[in-house]
Amino acid sequence: MEAQESIVVLENVKKYFDIRDSKGKKGTLKAVDGVSFQIKKGETFGLVGESGCGKSTLGKTLLNLFPITEGSICIDGQEVNQLKSRKEKVAFGSKVQLVFQDPSACLNPRNRIGAILAEPFKIHHKSSMSKQEIDQKIDELLTMVGLAPEYKHRYPHEMSGGQKQRIGIARALALNPEIIICDEPVSALDVSIQAQVINLLEDLQEKMELTYLFISHDLGVVYHMCDRIAVMYLGNIVELADKKALYEDTLHPYTQALISAAPTIDLEKTDRVVLKGDVPSPSNPPKGCKFHTRCPYAMPVCETENPELLEVKDNHFVACHLCKKTLREEIRK
Ligand SMILES: Nc1ncnc2c1ncn2[C@@H]1O[C@H](COP(=O)(O)OP(=O)(O)O)[C@@H](O)[C@H]1O
Ligand code: SF4
Ligand SMILES: [Mg+2]
């Protein structure tokens, strides 16, 4: 896809949660801790990282599901956290939609598929659409996601996981959105069904000129789907590059480790970086580079100074002190 203008612009976005530990002591959990990137119109932007690194929280900030702690999110020229009137919020709500990991969680088991798919129209076009028009829209949506219109008479429990995810996608498409946040959309599905849903998302993107933020812990899936990829660790982006550069010219030790561990990626590289230990808690992250407790290349400076995300090559951004010391040679020694 041709490079186009940015439809999503994030600048230093932070989302902190107030929490209490087991003894009731108050604390702050830094789920998203200063994230900046842009998504171009029509692209599939991947966000990858281990569980708990802040991917879903970042996705939710784009949907304006809660106020951010700091920073700015601009979608299609509109500052998300400054939407005030109901009209503005409703218009924004139809522009950005979400496809969840677990389709069952968002499909009311007591409603038939027809009623589930009618909801967005009833909320957003209450008085302007007749029952017949809504019915026709539902048939179109079902056909669009590869299901026969008869499925509108079924209940969610009468459908397979893959079919339910198709309904989740149909619901996200109902209001003709521009951006879809796909949060682990295939992680709960069997591998054979994963491919079908991914193909469907790709077809729909082309037909409807959609922009995707594609969130996944699975580098194989992200590699297949995305144009550019951001790697997230404990609330920060540590590497951001075009897909090819990220996989073939990996610069951050964490990305190296993730790629080494991905079974579905055929690596010619023989070096494997094996991660030590667990991900530290975002309520008490390590000082300096948050990755230093697990990084095989950690130096004294890594324990005290948090490395900035810098453009080290054309459109290839990395947050690592080693970059200043010709990172690649160090890593491949
Ligand atoms: N509403 C919340 N209140 C407190 N902590 C939260 C809340 N939502 C998410 N978190 C915490 O924020 C961190 C990031 O979570 P999440 O964004 O779901 O990660 P991911 O999607 O990458 O697995 C986790 O430590 C999680 O426990
Ligand atoms: S800054 Fe230091 S600890 Fe962090 S990834 Fe780079 S080398 Fe490793
Ligand atoms: Mg998540």
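**Cavities, pockets and two ligands**

Student: Happy to start with the empty space. How many cavities of 30 Å³ or more does a search of the whole structure find?

Tutor: Good place to begin, and keep in mind that this is a predicted model. About 70 Å³ of space lies in the largest cavity. With the cut-off set at 30 Å³ or more, the number of cavities found across the whole structure is 2.

Student: Which ligand sits in the largest cavity?

Tutor: Let's compare the residues involved. The lining of the largest cavity includes Cys 289, Cys 295, Cys 302, Cys 320 and His 321. Those five names also come up as the nearest of the 13 residues around one of the ligands, ligand 2. A molecule is counted as sitting in a cavity when more than half of its atoms lie within 2 Å of the cavity's grid points, and the one in the largest cavity is ligand 2.

Student: How many charged residues are in the shell around ligand 2?

Tutor: Start with the cavity itself, whose lining has 10 nonpolar and 2 polar residues, with no charged ones. The shell around ligand 2 has 10 nonpolar and 3 polar residues, and its count of charged residues is none.

Student: Now for ligand 1. Which residue has a polar side-chain atom 2.5 Å from an oxygen atom of ligand 1?

Tutor: The closest of the 13 residues around ligand 1 are Gly 52, Gly 54, Lys 55, Ser 56 and Thr 57. Cys 53 offers a polar backbone atom, 3.2 Å from an oxygen atom of ligand 1. Lys 55 uses a polar side-chain atom, and there the distance to an oxygen atom of ligand 1 is 2.9 Å. The side chain at 2.5 Å belongs to Thr 57.

Student: What percentage of the area that ligand 1 exposes when taken alone does the protein bury?

Tutor: We need the free ligand as the reference, and taken alone ligand 1 exposes 560 Å². The share of this area buried by the protein is 64%.

Student: Which element gives the largest share of the shell around ligand 1?

Tutor: Three elements give two or more residues each: strand S1 (6-20), strand S2 (26-40) and helix H1 (55-62). By class, the shell holds 6 nonpolar, 5 polar and 2 charged residues. The largest share is 3 residues, and it comes from H1.

Student: On to the pockets. Which helices give two or more residues to the lining of the largest pocket?

Tutor: This pocket holds about 590 Å³ of space. Its lining has 22 residues, and Gly 93, Val 96, Gln 97, Leu 98 and His 124 are the closest to its centre. Sorted by class, the lining has 14 nonpolar, 5 polar and 3 charged residues. Strand S6 (96-99) gives two or more residues, and the helices that do so are H2 (86-95), H3 (113-124) and H5 (161-173).

Student: And which element gives the most to the lining of the second largest pocket?

Tutor: About 320 Å³ of space lies in this one, and of its 19 lining residues Asn 236, Ile 237, Pro 307, Leu 309 and Ala 319 are the closest to the centre. The lining is made up of 9 nonpolar, 6 polar and 4 charged residues. At least two residues come from each of S1, S2 and strand S10 (236-242). The top contribution is 4 residues, given by S2.

Technical notes:
Residues are numbered from 1 along each chain as its sequence is written. Chains are lettered from A and ligands numbered from 1 in the order in which they are written. This is a predicted model: local features need pLDDT of at least 70, side-chain atom pairs count only at pLDDT 80 or more; totals for chains, interfaces and linings use all residues. Side-chain values use heavy atoms; hydrogens and water are left out. A residue is near a molecule or strand if one of its heavy atoms lies within 4 Å of it. A polar contact is a pair of N or O atoms within 3.5 Å; within protein, one must be able to donate a hydrogen and the other to accept it, and residues adjacent in sequence count only if both atoms are side-chain atoms. Accessible areas come from the Shrake-Rupley method with a 1.4 Å probe; for residues, only the protein chains shown count as cover. Ala, Val, Leu, Ile, Met, Phe, Trp, Tyr, Cys and Pro count as nonpolar, Asp, Glu, Lys and Arg as charged, and the others, Gly among them, as polar. On a 1 Å grid over the protein atoms alone, a cavity is a set of points where a 1.4 Å probe fits but cannot get out, and a pocket is an open set with protein on both sides within 12 Å along at least five of seven lines; lining residues have an atom within 4 Å of a point. Grid points are joined across faces, edges and corners, and a volume is the space filled by probe spheres set on the points.
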